[in-house]
Amino acid sequence: MVKFSKELEAQVILEWKEAFVNYRQLKKHVKRIKLSCKPKLSFPNSNRSAIGDLFCRICGGRRSPVTIKARSEIHMKEEDDDDEEENEEGEDNEVELCQQTELSQLFSLEDEVRSFLEMLKDELTKVNQFHAARETEFLERGDLLKKQLQILLDVKKVLSDRRRPGVFPRSSSSSLQNSDRFSKGNDSGPEDVIAALKRNGINFVNSAKIKKGDAKTSFRIDIPATGRIAAARAMIWEDFMNNPKKGAEGVINRRQVQCAEKMIRNGFVELYRGLGLLKTYSGLNMLAFSKILKKFGKVSSLYDIANDHLLSIKESYFITSDKVVKLMDELESLFTQHFADNDRRKTVKFLKPQQNRGSSHMVTFFVGLFTGSFFMLFSAYVILSHSSGVFSSRAETSYMDIVYHVFSMFALFSLHLFMYGCNLLMWKRTRINHNFIFDFKANTALKYRDAFLLCTCIMTAVVGAMVLHLFLIYNSHLPRNQTDLIPAILLLVSAVIIVCPFNVLYRSTRYCFLRVIGRIICAPFYKVVMVDFFMADQLTSLIPMFRHMESAACYFLAKNFTNPKPGVCKSERMFMELAYVVSFLPYFWRAMQCARRWHDESHIDHIANFGKYVSAMVAAGARLSYSRQPTVHWKATVVGTSVIATVYQLYWDFVKDWGFLHPNSRNPWLRDELVLKNRGIYYASIALNFILRVAWIQTIVRFDGGIFESQLIDFLFASLEVIRRGHWNYYRLENEHLNNVGKFRVLRPVPLPFQEDDSDV
């Protein structure tokens, strides 16, 4: 059975962690109370039983002296202890010693109980104040959203009226109650609506020309764009919409109204999510208070005091306030009416996404099936390749030019997916809330079984294609360019599956992956969130996979497919320069993310992190140049740049990403809080990360062997880097879970379309 303290830590909200009740510290107070209830003095063996009987008689039939204090404080039925003392006249010395011991224990117990109750009171005050502050913030946000929705409804009404020239029915009444109602009378015309909208920050083009009954005047709603790309797109769209073909008198910009509606809808979803988190906050704290008071009553026997405090907590503000529940109900009603077409199921889909609890037994079955199929097919491939001598020194190199790169590309991707599945499994076992950190939806987030299923399925398909390809080469009369269609088809099918629009094969995960990759490529233009730079870090460990993709593309696109030219992809200048670009891109994207974060947060650590990726780019370029020109000059350059980059990376791994190397920590050279109990695992992980970080040494050490041996060594070290990254992932997220290193907000800041504007239009 899992301890409640671990359950509480697993469900705690990172940004609000300090506002939760300090359950561990209260539990320590309860333990001290328990220790103070035990006799502290030792007596000779011959007198221990007699002293024990004296304790029993003095305490009214109980051995624990705390019962006397308990009765006096909780008004239990009192018993007369004078008769017991008179019966002990023959043992005055022993009784006096016993009473002195009892008195010292009672004073100690009283201090511990007082300390516990004072801390309990402080924790309750902290929870109440935090809950009230967040509640006020959410209520203000709710009022602002309702005001924005009212403005949107009136704007949409103006748009609908302008579609019918000369017809201006009176403004429809709204269920929203605020000070800026626009439906004030039966004779309100467009000028009244527009004047009211202008008072709420809506700017119009040519608004001075609007006259009563004029329905043909063009106007524009001034909705600010939220990003640079969005701003450019909005400007282009606005120019297009507000500059129609000659002869038209005016066109209303409906596109921005649609964007405004989407922004307000997102604001409703985010506010509802925040209210749900505040509700969870109240429930977890109430459960923590009840648990600790139950322990306190059981240890000290002060059941009445514990019950009285529990009742007072149940009557405190963070429990009795119903403003959160009422606002959630109101938001549900408004969302159903205005954004879900009165469809309750659609509202639930947006506001209350439920975790998909599909059976995992079928997934587990297919994982085992594909795993067995992979090993069987791989054994068949090994036997077939050995019998055909395809990897011997006398074999032609054209087979390795395509098979090695395609197989390595899929193998590295599958290995990374397998390591991610291991990460998901460990995060689940250790109760690290990765879905909250990555802001994944619980009903669509990838589970560890799904990750294992994907990697085994991919590798089974790849090895099956390799077996078929090799069999057709040496056991059929088909020309080589036709047999090479098999790897090409494999690549094409993989690309089609990734962008498949149908709701099959984990569409939500695939599209989320594509969105994240898109934000990484456009890093300077988008705000960087946790999942973005976490994925970019994964890409820096997959540079060999990108190199294999480059080589496979070269084989199929550079006339190698129809006119084989051995070594063309290694000799052509364009492909040689493209290798530098491929090696630099992941580091460049990650560096641009650091620059954007520094622009947004103005924290010097992001500039230092930017330097880390620049040093990694320089080291990668030096190693690539040395592989082509193995001179002493380039060798010295590789050693110098790689040592600097490695020291930089190791420091950032251990100190910044993992939070280790604190000499004054409770756990020597680690950090104060750890998820795993065995500290030796952390020390072993530090050593393993160090060893794998210096694996670049193999690039300056020349191994004597053929093409097959050298390619196998390259694939082995590329796999070790993928394993190192999967190992790094766990501790990075553990540190984030415990310390909120990234300073993430519980609620994403959602910009609203209609801004307050005090300037004259």
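**Exercise 1. A nonpolar surface patch**

Task: Find which residues form a nonpolar patch on the surface of this predicted model, and place Val504 in it.

Solution:
- Step 1. List the members. They are Leu485, Ile489, Val493, Ile497, Phe502, Val504 and Leu505.
- Step 2. Take their accessible area together. It is about 640 Å².
- Step 3. Locate Val504. It sits in the loop between helix 19 (485-498) and helix 20 (507-521).
- Step 4. Classify Val504. Its relative accessible area is 43%, so Val504 is partly exposed.

**Exercise 2. The whole protein**

Task: Describe the protein by its helices and strands, its buried share and its surface.

Solution:
- Step 1. Count the elements. The protein has 28 helices and 0 strands.
- Step 2. Take the buried share. Of the 761 residues, 42% count as buried.
- Step 3. Turn to the surface. The accessible surface is about 41,200 Å², and 59% of it belongs to carbon and sulfur atoms.
- Step 4. Look at contacts with a separation of 6 or more. Residues 24 or more positions apart account for 73% of them.

**Exercise 3. Nonpolar cores**

Task: In the largest nonpolar core, which residues touch the most other members?

Solution:
- Step 1. Recall the general trend. In soluble globular proteins, nonpolar side chains tend to be buried together.
- Step 2. Pick out the residues. Among the 74 residues of the largest nonpolar core, Tyr399 and Trp427 touch the most other members.
- Step 3. Find the main contributor. Helix 15 (residues 398-429) gives the most to this core, with 16 residues.
- Step 4. Note a second core. Another core of 63 residues lies apart from the largest one, and its members include Ala19, Leu159, Phe318 and Met328.
- Step 5. Inspect Trp427. Leaving aside neighbours within four places in sequence, its contacts include Ile432, Phe438, Phe534 and Leu733.

**Exercise 4. Cysteines without a bond**

Task: How many disulfides are there, and why is Cys455 not bonded to Cys422?

Solution:
- Step 1. Recall the bond. A disulfide is a covalent bond between the sulfur atoms of two cysteines.
- Step 2. State the cut-off. The two sulfur atoms must be within 2.5 Å.
- Step 3. Check Cys455. Its closest cysteine sulfur is in Cys422, 8.3 Å away, so the pair is too far apart for a bond.
- Step 4. Check Cys457. Its closest cysteine sulfur is in Cys455, at 9.6 Å, again too far for a bond.
- Step 5. Compare their surroundings. Cys455 is buried, at 6% relative accessible area, whereas Cys457 is partly exposed, at 33%.
- Step 6. Give the count. There are 0 disulfides.

**Exercise 5. Salt bridges**

Task: The protein has 26 salt bridges. Examine Asp111 with Arg114, then Arg590 with Asp537.

Solution:
- Step 1. Take Asp111 and Arg114. Their side chains form a salt bridge of 3.2 Å, N to O.
- Step 2. Place them. Both lie in helix 6 (residues 92-162), 3 residues apart, about one turn of the helix.
- Step 3. Classify them. Asp111 is partly exposed at 43%, and Arg114 is partly exposed at 39%.
- Step 4. Take Arg590 and Asp537. Their closest N and O atoms are 3.1 Å apart.
- Step 5. Place this pair. Arg590 lies in helix 24 (residues 573-601) and Asp537 in helix 21 (residues 530-540), so the pair ties together parts 53 residues apart in sequence.
- Step 6. Classify this pair. Arg590 is buried at 4% relative accessibility, and Asp537 is buried at 5%.
- Step 7. Add a network. Salt bridges also link Asp653, Arg693, Glu721 and Arg724.

Conventions
Residues are numbered from 1 along each chain as its sequence is written. This is a predicted model: local features need pLDDT of at least 70, side-chain atom pairs count only at pLDDT 80 or more; totals for chains, interfaces and linings use all residues. Side-chain values use heavy atoms; hydrogens and water are left out. A nonpolar core is a set of buried Ala, Val, Leu, Ile, Met, Phe, Trp, Tyr and Cys residues joined through side-chain atoms within 4.5 Å. Buried means under 20% relative accessible area, exposed over 50%, partly exposed in between (1.4 Å probe, protein chains only). Helices (H or I, at least four residues) and strands (E, at least two) are DSSP runs, numbered from the N terminus. Contact means heavy atoms within 4.5 Å. Patches are made of residues with over 30% relative accessible area and no salt bridge: like charges are joined within 9 Å, nonpolar side chains (Val, Leu, Ile, Met, Phe, Trp, Tyr) within 5 Å. Accessible areas come from the Shrake-Rupley method with a 1.4 Å probe; for residues, only the protein chains shown count as cover. A salt bridge is a side-chain nitrogen of Lys or Arg within 4 Å of a carboxyl oxygen of Asp or Glu.
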